[in-house]
Structure formats: structure tokens, C-alpha cells
Amino acid sequence: MIHFIERIRDYFTRKDCADMAIRTWKSANEELYANFCKRMDAVGKGNLSVLTDMYQMMRECTPSEALLLYNWLSELINGNGKNVQNIANQQWAGKYTDIIAQCITNKRLWIGINIKTATVELLTSPKSELLMVHSKTPLEIWSRLPQETKAYLTGQLDVLMRNNKGCYLLSNLERKMVYQFLTYISQIIVLSHAVFVGEFVANLYDYVIEKKEALSYCMYYFVIFDHGLSRMAKLLDRLLSSEEVDNGDMLLIKSCIALLVNKSIEIGTESKAEWEATAEVCNPDIWKEVMFALRKVKGKRGNRKIIQSLDDILIGDKERIKQGIYSFLEENTEDISLAYLLKALVKAGRMKASIRYMTFHRAIEQFYQRHYGHDIPQKRYGEIKDITLTSPQRENSYIKAKRIIDRWTDYFIKNG
């Protein structure tokens with residue numbers, strides 16, 4: 001299950017292929033996706049069934065070592081001192097236990113995770129091609145926490161200790177040691193989740209590809225193409241407006257909002273302007289959190305790559321048009337012919353004139369399952385895009401281009 005990466009070695013190529021596959025799936029499953037969106041909207045009304053389904057799918061992709069860690073932490077925190085020796089002797093993260101323990105005890109060591117192969121190794125210095133994590137002291141971790149988070153955690157811990165006879169008389173120094181113990185536990189959790197990443201991604205990939213689970217396709221499209229993360233922020237806003245929220249709930253909501261803003265901009269699904277527009281329709285607490293997060297995050301610059309399937313960009317009877325496109329590609333095998341195909345589709349009104357050539361090119365490659373060079377046809381399309389080809393041309397290539405374009409323009413007018 002770890003060898004999925006061998007199918008497509010380059011990350012960006014793999015992502016483009018995944019984006020295209022999801023768009024194609026959604027075009028063929030509009031009703032299924034619409035039902036998913038209704039279930040997401042229902043979360044704001046208290047129906048959490050779609051979140052339960054997501055949780056179950058993610059659990060099935062979670063490595064056994066991660067489940068072992070969660071059980072170990074549960075026993076450690078809720079065991080009330082029972083079976084302490086058994087807990088101490090357990091391999092709390094399975095095969096990764098020794099690596100994590102060494103990283104925590106030796107601050108010079110790094111853990112390197114190869115996402116491609118899911119292998120994990122200890123290193124003395126970072127490697128650029130690996131996901132690298134490094135252990136910090138409890139004091140360093142505590143000092144980096146937001147002040148609001150520290151205040152909430154210490155407040156909750158103080159309440160817990162006041163209600164526990166054994167902790168009631170703890171000195172300030174002993175209380176600080178308890179705080180540091182919690183940050184030590186957080187070290188274990190952070191490092192453990194890092195080493196689990198490779199296997200989790202591999203399991204998720206195979207779960208999606210082999211089982212073709214519709215829920216995973218809906219989740220992907222919702223987040224990547226349908227502004228899912230900002231829509232989730234609006235759900236949190238609705239929850240904040242309709243429920244009584246205590247300090248813990250408010251802290252959790254603010255943390256979620258900051259995470260949604262950062263991740264959406266990082267993966268390019270939302271811009272700063274889009275988040276500002278979202279914040280304007282939310283209550284002041286959400287607005288402030290969004291604006292604070294935007295101040296600290298760097299926006300993506302440059303043109304955003306557009307990934308669309310043929311179904312997304314065709315106008316008319318899409319099935320008949322695709323049959324014609326297939327016939328065209330069978331008959332015209334040279335890369336440059338894609339420029340003539342796009343020109344014919346635009347002239348016939350089966351595609352908008354504003355379509356970018358590379359958006360069309362990627363859609364054709366996904367549809368026909370063949371790789372085409374893009375330099376020559378892209379340049380050619382730039383040459384013929386705005387000329388009529390009706391006046392006498394000096395080159396035979398223009399005569400050939402006009403003949404192909406006119407024939408297939410007429411075809412797509414009649415068959416679309």
C-alpha cells in the first residue's frame with residue numbers, strides 16, 4: 001500500500017491528475033455531490049451524520065500505530081494511577097516508539113519522514129526532500145503557545161487540581177511541573193502524528209483509488225473547488241450565533257478559523273480577498289479572528305493554475321461534442337492539431353473564447369488519456385486565435401489549418 005507514489009513520481013503532476021479526475025467524477029455525479037452539500041449545510045442545524053461518516057473513513061485510513069497511541073494516552077490520562085507499570089512497558093507508538101523517544105531525549109536529532117515511501121529515520125540535520133520534525137523542550141513549547149491558549153489551559157488545569165484532593169496542596173513549582181508534563185505529552189503527540197503521515201496518506205490514496213469511495217471524492221471537490229473551507233467557517237459562525245458558547249468552545253472555534261484561513265491560502269483554494277468577503281457576513285468574533293489570521297499569512301501571487309474537465313468547459317450537448325472530439329483526435333494525431341480543435345470549438349460556440357489554452361490542453365489529455373506537447377500547439381493557437389483565416393495566406397500551413405478548422409467547426413455546429 002506504500003508504493004502508490006511509483007505510479008506518478010512528480011507531486012504536481014500527481015495533484016493535477018487528481019484534480020482532473022475529481023472534476024470528471026463530479027460532472028458525472030452531480031446529484032450525489034448536491035446531496036453531500038445538503039448534508040454539510042445540515043451540520044449548522046445540528047445534524048452531524050456527515051461528520052460521523054468522515055470520521056469513520058479517516059479512522060479506517062489511520063495506521064494501527066496511531067490507534068495504539070490513542071489507547072495508550074487514554075489509559076495514561078484516565079487510568080487514575082492503575083496499571084502504571086503496564087503503561088510504562090508498552091510500545092506506545094508501535095514500531096516508531098524508539099525513534100520518537102530518541103528524538104525527545106536527544107535534542108540534536110531530527111526525524112525525517114519520506115512521504116513517497118512512508119519511511120522514517122533519525123537524522124542529525126534536516127534534508128530538504130523530507131518532512132522534518134524536531135523535538136523542543138517543554139518550556140520552549142509552552143512559551144510559543146498563544147497567550148489566550150495558555151490562559152485557558154492553566155485555568156482548566158487549576159480547576160481540575162482544585163477538585164482533586166491529591167493536587168489541592170500543590171505548590172506553584174509543582175503546578176509548573178504539571179504544566180510542563182502536559183507539554184511533554186504534547187511532544188509525543190506531535191512527533192507521533194508526523195511519523196504517521198506517510199502511512200496515512202498511502203492508506204487514504206489506496207482507499208480512494210481502490211474503493212472509489214464517493215464520500216472522499218465529495219470531500220476533495222468540496223475543499224479544493226467549492227470553497228469548502230470558507231463555507232465551514234460560515235458553519236462555525238452559525239454555530240456561534242445559535243448556541244451558548246463557553247470559553248473552551250470559543251477557543252476551539254477561533255483555533256479552527258485560524259487553521260481554515262491558513263490552510264486554504266496555503267493550498268490555493270481561497271484568496272485573502274475571498275476571506276475578507278466571508279468575514280464581512282460573520283459575527284464580530286469570527287471577523288476579528290479571520291482578520292488576525294490574514295495579517296500573519298502570505299497570499300499566493302501569480303496566476304492560479306486552472307484544472308477543469310471537458311464537461312466543465314463545453315457548451316451544449318456534451319456527450320455528442322465529446323464523441324466528435326474523440327473522432328477528431330483519432331484522425332489528427334499531431335500535437336499542433338489541438339490548436340485547430342480549440343479554434344473550431346470556439347468558432348462553433350461549443351467553448352468560450354476566453355478559455356485558456358492550457359486549461360483546454362489539460363482537459364484533452366485527461367479525456368483522451370494521452371500526453372501531448374504543449375509548446376507548439378499553444379504558440380500556434382496564439383497565432384490563429386484572433387485571425388479569420390479567410391484572406392489569402394502565404395504559407396501552406398495556414399491553408400491546411402483553415403481546411404481543418406472549417407470542417408470541424410461545421411461538424412460541431414451540427415452536432416452540439
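**View 1. Glu 199 and Lys 95 pair up in a salt bridge.** In this predicted model, the closest N and O atoms of the two residues are 3.3 Å apart. Glu 199 sits in helix H9 (residues 172-211), while Lys 95 belongs to the loop between H5 and helix H6 (97-105), so the pair ties together parts that are 104 residues apart in sequence. Is each partner buried or exposed? Glu 199 is buried, at 15% relative accessible area, whereas Lys 95 is exposed, at 55%.

**View 2. Asp 335 meets Arg 370 in another salt bridge.** Here the N to O distance is 3.3 Å. Asp 335 comes from the loop between H16 and H17, and Arg 370 from the loop between H18 and H19, so this contact links parts 35 residues apart in sequence. Asp 335 is partly exposed at 27%, and Arg 370 is partly exposed too, at 29%.

**View 3. Phe 412 sits in the largest nonpolar core.** That core has 34 residues, and Phe 412 is one of those touching the most other members, along with residues including Leu 341 and Ile 325. Several helices give two or more residues to the core, among them H16 (318-331) and H20 (396-414). Which helix gives the largest share? That would be H17, with eight residues. Looking past its sequence neighbours, Phe 412 touches residues including Ile 321, Gly 324, Ala 344 and Arg 350.

**View 4. Confidence varies from helix to helix.** Helix H17 (residues 337-347) has the highest mean pLDDT among the elements, 94, and helix H5 (residues 84-89) the lowest, 54. Over residues 1-9, the pLDDT drops below 50. Where pLDDT is low, don't read the predicted coordinates in detail.

Methods. Residues numbered from 1 in each chain as written. Predicted model: local features only at pLDDT ≥ 70, side-chain atom pairs only at ≥ 80, totals over all residues. Heavy atoms only, no water. pLDDT = per-residue confidence, 0-100. Helix = DSSP H or I, 4+ residues; strand = E, 2+ residues; numbered from the N terminus. Contact = heavy atoms within 4.5 Å. Core = buried A, V, L, I, M, F, W, Y, C linked by side-chain atoms within 4.5 Å. Buried < 20%, exposed > 50% of the residue type's maximum accessible area, 1.4 Å probe, protein only. Salt bridge = Lys/Arg side-chain N within 4 Å of Asp/Glu carboxyl O. Lists of a residue's contacts leave out its neighbours within four places in sequence.
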